[in-house]
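User: Hi! I'm new to reading protein structures and would like to go through one step by step. Could you help me?

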Amino acid sequence: MAVNLIEKSPDQLHFIAGVQLFTAQAGIKKPQHDDVTLMLLSPESTVGAVFTQNKFCAAPVRVAKRHLFGGHGIRALVVNTGNANAGTGATGEQHALQMCEAAAKQAGCTAEQVLPFSTGVILEPLPIQKIVAALPSARPVDWGLAARAIMTTDTVAKSASAQGQVGNRHSVQVTGIAKGAGMICPNMATMLGFIATDAKIAQPVLQQMTEEIADETFNCITVDGDTSTNDSFVIIATGQSGQNEIDNIADPRYAQVYALVKQVALELAQAIVRDGEGASKFITIRVENAGSLHDAKKIAYAIAHSPLVKTAFSAGDPNLGRILAAVGYSGAAVDTDKLRLYLGDVLVAENGGRATGYREEDGQRVMKEAEISVRVDVQAGRHNATVYTCDFTKEYVAINADYRS
């Protein structure tokens with residue numbers, strides 16, 4: 001029941017020179033379902049990545065971190081769904097290495113040049129022999145089919161593209177895919193995101209770009225307040241656009257490529273929220289004029305994480321005192337007499353209480369919409385933050401109660 005989210009058609013997704021995509025059926029959780037994805041990268045490619053901050057991070061995350069910063073260069077990525085290979089100890093790490101070895105045979109590179117990714121059920125052993133057996137039969141696919149192959153509880157395949165002029169002569173393409181619908185919280189959510197561009201970017205510069213874009217996009221979404229064990233976000237720069245390398249952030253082309261990649265990342269991040277498990281409402285929470293960025297984020301996430309707020313949105317009930325309560329317990333510095341709360345275009349609260357002109361029917365009108373904005377004007381400073389979330393429905397409970405079935 002995704003909110004205003006439609007799967008992209010193949011003609012809407014730009015081809016990225018230097019990336020080859022393949023999928024295979026390993027039968028990890030579902031029969032006759034593509035559940036293994038292989039990405040082969042041109043030798044000139046550079047890769048940046050950020051990973052979950054959950055201390056119980058999965059085996060493939062630990063291996064990917066070592067390989068990314070090992071100095072060998074990255075030539076392939078391999079992804080499986082249906083099993084997270086998390087909470088699997090030393091055996092799980094060995095299985096992640098076996099995934100790398102199997103993918104390396106297909107890529108013609110070393111295992112240290114492969115990044116492994118897994119998503120699915122936690123605390124169950126990875127059926128590694130199924131994955132190893134499936135990889136040689138992987139078939140070429142486009143970005144859209146690759147997006148489908150990395151889905152778990154997603155109901156819509158998530159992909160996005162952008163194109164723009166960089167420098168004086170070169171057109172740059174950007175395309176990305178992502179998966180995620182539940183266990184979504186800042187610090188990378190339970191999501192996998194892969195974006196590729198044909199721009200040429202030095203690895204240290206690309207790593208900085210990846211970290212900053214993650215903070216501005218994927219780290220601004222939440223579905224249920226749970227941070228997963230496998231979250232990973234990767235940016236690939238293949239260098240096939242014909243431009244000279246961008247080797248520092250002062251290069252004017254850096255900002256141009258950054259804007260294109262961020263556009264794709266934000267669309268993918270919002271798609272995850274739009275497809276949040278059981279979601280019927282897409283909610284943008286904007287906190288303005290806070291005393292610090294920290295305070296702005298604390299207020300936004302307090303509202304976004306509140307089950308009482310999220311269930312009120314699900315019911316279309318303008319029980320907006322729940323939002324004020326969340327602001328009050330957020331821990332942020334707030335003068336309640338100065339704060340203003342808006343629901344859509346409706347001023348709800350000011351001067352420490354209900355706005356004089358607020359009417360219940362105005363709140364109900366906004367709450368019936370599929371896309372809703374909440375704006376909190378703290379009037380304490382100049383710092384702003386925006387967070388994207390969704391409502392809680394009965395379907396969310398049903399999906400997670402039956403997740404392993």
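User: How many bridges pair strand β12 with β13, and in which sense do the two strands run?

Analyst: Happy to help, and keep in mind that this is a predicted model. Strand β12 covers residues 340-343, while β13 covers residues 346-350. One pairing to look for is Tyr 342, whose bridge partner in β13 is Leu 347. The strands pair in the antiparallel sense, and the number of bridges is three.

User: Which residue in the hairpin of β12 and β13 takes a positive phi?

Analyst: Look at the turn of this hairpin, where two residues sit between the strands. One residue there has a positive phi near 60°. That residue is Gly 344.

User: And on the other side, which residue of β14 stands opposite Glu 350?

Analyst: β13 also pairs with β14 in the antiparallel sense, over two bridges. Here too the strands form a hairpin with two residues between them, and Asn 351 in the turn has a positive phi of about 55°. Ala 349 stands opposite Arg 354 in β14. Glu 350, in turn, stands opposite Gly 353.

User: Which strands stand at the edges of the sheet?

Analyst: Follow the order of this open sheet of six strands, β14-β13-β12-β15-β11-β16, which has mixed pairing. The strands at the edges each have a single partner strand, so one side of each is left without a neighbour in the sheet. These strands are β14 (353-354) and β16 (383-390).

User: Is β13 mostly covered or mostly open, and how many of its residues are buried?

Analyst: A residue counts as buried when its relative accessible area is under 20%. By that cut-off, β13 is mostly covered. The number of buried residues, out of its five, is four.

User: Is Ile 128 buried or exposed?

Analyst: Ile 128 lies in helix α3, residues 128-134. Leaving aside neighbours within four places in sequence, Ile 128 is in contact with His 95, Gln 98 and Met 99. Its relative accessible area is 5%, and buried means under 20%, so Ile 128 is buried.

User: Now for the whole protein: what is its radius of gyration, and what would a compact globule have?

Analyst: The protein contains eleven helices and 16 strands, and its C-alpha atoms fill a box of roughly 70 × 55 × 40 Å along the principal axes. For 405 residues, a compact globule would have a radius of gyration near 22 Å. The protein agrees with that, at 22 Å.

User: What share of the 405 residues counts as buried?

Analyst: The protein exposes about 16300 Å², and carbon and sulfur atoms supply 50% of that area. Of the 405 residues, the share that counts as buried is 57%.

How values were computed
Residues are numbered from 1 along each chain as its sequence is written. This is a predicted model: local features need pLDDT of at least 70, side-chain atom pairs count only at pLDDT 80 or more; totals for chains, interfaces and linings use all residues. Side-chain values use heavy atoms; hydrogens and water are left out. The radius of gyration is taken over C-alpha atoms; the globule rule is 2.2 Å times the number of residues to the power 0.38. Buried means under 20% relative accessible area, exposed over 50%, partly exposed in between (1.4 Å probe, protein chains only). Accessible areas come from the Shrake-Rupley method with a 1.4 Å probe; for residues, only the protein chains shown count as cover. Two strands pair if DSSP finds at least two bridges between them. Contact means heavy atoms within 4.5 Å.
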